[in-house]
Every structure is written in structure tokens, then in C-alpha cells.
Amino acid sequence: MNFAPAARPIGCIKTVFRHARQQRVAQRGLATAVEAPPASQDALTIRQRIDRARVEKFQVYSHAQTIQAPHPEPMVALQKQQIERLDPTGARTRLFCKTLPDSAKVGDVLMVTGKNGDPFPGVLIQIRRKGVDTAIQLRGQLMNTGVEMWFKIYSPSVKGIDIVWRRPKRARRARVTYMRKPKHDMGSVDHLVRAWKKEKHSLSSVSRQMSGKKGPEYQEAQTEKEEKSGKIGKREKRRKAEQSRKDEKGDKE
């Protein structure tokens with residue numbers, strides 16, 4: 001069987017479409033770009049003409065050159081100046097420094113004491129280092145409820161920051177937010193705070209005892225200082241005056 005006659009009409013349609021496509025491309029190539037007519041003065045309204053004439057009267061001056069050279073990094077210098085003013089000793093800067101081994105790390109238990117005297121102990125969740133706006137986030141527990149608070153270390157309302165307990169192993173994350181889950185939550189840290197206060201009190205009492213136990217050389221030096229300053233003479237006069245008063249009372253009786 002011969003199928004050529006059946007396929008011939010389809011071939012004719014394809015040929016017609018091909019010729020039409022070529023003619024369309026030729027017409028498109030003959031097109032030229034039309035330039036926009038220039039904006040004439042007649043296209044503006046009366047108010048626009050008045051505004052343009054008013055603006056043209058103003059004289060525009062060039063930017064004057066400054067004698068003082070600009071600072072290369074003004075914001076860095078400003079933050080450094082503010083940190084020096086808020087932390088003159090540099091203790092809090094060293095407390096949260098990355099390079100120092102004794103600095104506070106994520107996972108340690110800290111206690112922040114406010115200006116009003118209310119302490120807030122908690123686990124250090126994360127440290128946000130932003131210059132003078134450096135802040136720490138602590139997670140504690142109040143009335144069996146987890147509480148998280150942010151504290152700015154350079155804020156004048158923060159009186160002191162103490163390290164209560166150090167994590168035995170270094171945390172492998174910069175933010176230990178997984179401690180919010182019940183599986184990893186430390187809960188209340190009051191027992192750690194009590195142990196830290198007890199140890200601190202014992203160390204302070206031992207230091208006071210050691211300072212009170214002075215040798216004979218120290219006592220002699222103190223006596224010489226009192227003699228030079230005249231304190232011993234004043235004591236003797238006071239003692240004699242008290243003795244004379246007692247004698248007078250005895251005579252009257």
C-alpha cells in the first residue's frame with residue numbers, strides 16, 4: 001500500500017508555515033528604532049515653569065575641603081573609648097576574652113549581681129560580642145521554671161560578674177541552646193552557688209587568720225610607728241585621766 005497521498009497535505013501545511021515565518025523575520029528586520037521627541041517647554045504646566053525658574057535662581061556651591069583629616073575608623077575608636085570609660089580596669093573585657101584560658105566559657109555557671117543587689121545565677125548559654133554592646137545570656141530556674149535573661153557586661157546596672165562553676169570539658173558549640181531541652185537542662189544551680197559561697201567564705205576566713213598571726217618583729221614595728229605618731233602618749237594620758245576619775249569617786253564614797 002502507498003501512504004504518500006495521505007502525508008502530502010501535512011507537508012504542504014508545513015511549507016506554508018515555513019514561508020510565513022521567513023516573511024515575518026524579514027518584516028521584523030526592516031523595522032527601525034523611533035526616537036522619542038524632545039521634551040518641549042510647552043509640555044510643562046504653568047506651575048512647573050514657575051518652579052523651574054525659581055530653582056534656577058539658586059546658586060549651587062561646591063563642597064568645601066576640610067582642613068582636618070578624617071579618621072580612618074571612627075566607630076572602632078568610639079567603641080574603644082566607651083569601653084575604657086565603662087571598664088577602666090579591663091576586668092570584664094578579660095573575663096570574656098577568647099584568647100585567655102581563664103575567661104568564662106559557654107557552659108559555665110555565672111552569677112550576675114545587679115546594682116540593686118539582686119543576684120541571678122545561671123548557665124552561660126551564649127555570648128554576643130558586639131563591642132560596647134557585648135551581652136551574655138544566662139539560663140536559671142525560678143520556682144521550678146526555666147528563666148533566661150540577657151545582661152550587658154559593660155552596663156552600669158551590672159555591679160559584678162562571678163564565675164561560680166566551670167565546665168569540666170570545653171563545649172564544642174558556640175551556643176549551647178540544646179540545654180533548654182529537658183534531657184540536657186541543668187535545672188537549678190543553687191547548690192553550686194551555695195558551695196561556691198562556702199568555699200569563698202572559708203578562704204576569706206583563713207586569709208584573715210593568717211593576717212592576724214603576726215610575728216614579734218611585726219609587733220615591734222607597729223609599736224615604733226605608734227611611738228613616732230604619738231598614739232602611745234595619748235593612750236597613757238587617757239588611762240591616767242580615767243584612773244584619776246576612779247580615785248576621786250572612791251574618795252567621795
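Two strands count as paired if DSSP finds at least two bridges between them. In this predicted model, that criterion is the basis for describing the sheet and the residues that face one another within it.

## Overall organisation

The protein contains seven helices and five strands. Along the sequence, these elements follow the pattern α-α-α-α-β-β-β-β-β-α-α-α. Of the 253 residues in the protein, 20% are buried. Among contacts with a separation of 6 or more, 51% are between residues 24 or more positions apart.

## The sheet

Strands of a sheet pair through backbone hydrogen bonds, in either a parallel or an antiparallel sense. Here the five strands form an open sheet with antiparallel pairing, in the order S4-S3-S2-S1-S5. The edges are occupied by strand S4 (145-152) and strand S5 (158-165); each has a single partner strand, so one side of each is left without a neighbour in the sheet. From one strand to the next, the twist averages 40 degrees.

The pairing of strand S1 (residues 109-114) with strand S2 (residues 119-128) is antiparallel and runs over five bridges. Within this pairing, Val109 stands opposite Val123 in S2.

## The loop between S3 and S4

Strand S3 (135-142) is joined to S4 by a loop in which Met143 is placed. Asn144 lies in the loop between S3 and S4 as well. Neither Met143 nor Asn144 is a glycine, yet a positive phi is found for Met143 and for Asn144. Both residues are exposed, as the relative accessible areas of Met143 and Asn144 show. The values are set out below.

| Residue | Phi | Relative accessible area |
|---|---|---|
| Met143 | about 55 degrees | 80% |
| Asn144 | about 60 degrees | 72% |

## Gln137 and its surroundings

Gln137 lies in strand S3. Its relative accessibility is 4%, and the residue therefore counts as buried, the limit being under 20%. Leaving aside residues up to four places away in sequence, Gln137 touches Val123, Leu124, Ile125, Gln126, Glu148, Met149, Trp150 and Arg180. With one of these residues, Gln126, the side chain of Gln137 makes a polar contact to the side chain at 2.5 Å. Gln137 and Trp150 are 13 residues apart along the chain, and their C-alpha atoms are separated by 4.5 Å.

Trp150 also takes part in an arrangement with a charged residue: Arg128 lies over the face of Trp150, at 4.7 Å from the ring centre.

## The aromatic pair

A pair of aromatic rings is described by the distance of the centres and the angle of the planes. One aromatic pair is found in a search of the whole structure. The pair is formed by Phe120 and Phe151, with 5.8 Å from centre to centre and 45 degrees between the planes, and is classed as tilted. Phe120 belongs to strand S2 and Phe151 to strand S4, so the pair ties together parts that are 31 residues apart in sequence. Phe120 and Phe151 are both buried.

Terms used
Residues numbered from 1 in each chain as written. Predicted model: local features only at pLDDT ≥ 70, side-chain atom pairs only at ≥ 80, totals over all residues. Heavy atoms only, no water. Helix = DSSP H or I, 4+ residues; strand = E, 2+ residues; numbered from the N terminus. Axes fitted to C-alpha atoms, helices over the stretch in contact; angles between N-to-C directions. Buried < 20%, exposed > 50% of the residue type's maximum accessible area, 1.4 Å probe, protein only. Contact = heavy atoms within 4.5 Å. Polar contact = N/O pair within 3.5 Å; in protein donor to acceptor, adjacent residues only side chain to side chain. Phe/Tyr/Trp six-rings, centres within 6.5 Å; stacked < 30°, edge-to-face > 60°. Lys NZ or Arg CZ within 6 Å of the ring centre and 35° of its normal.
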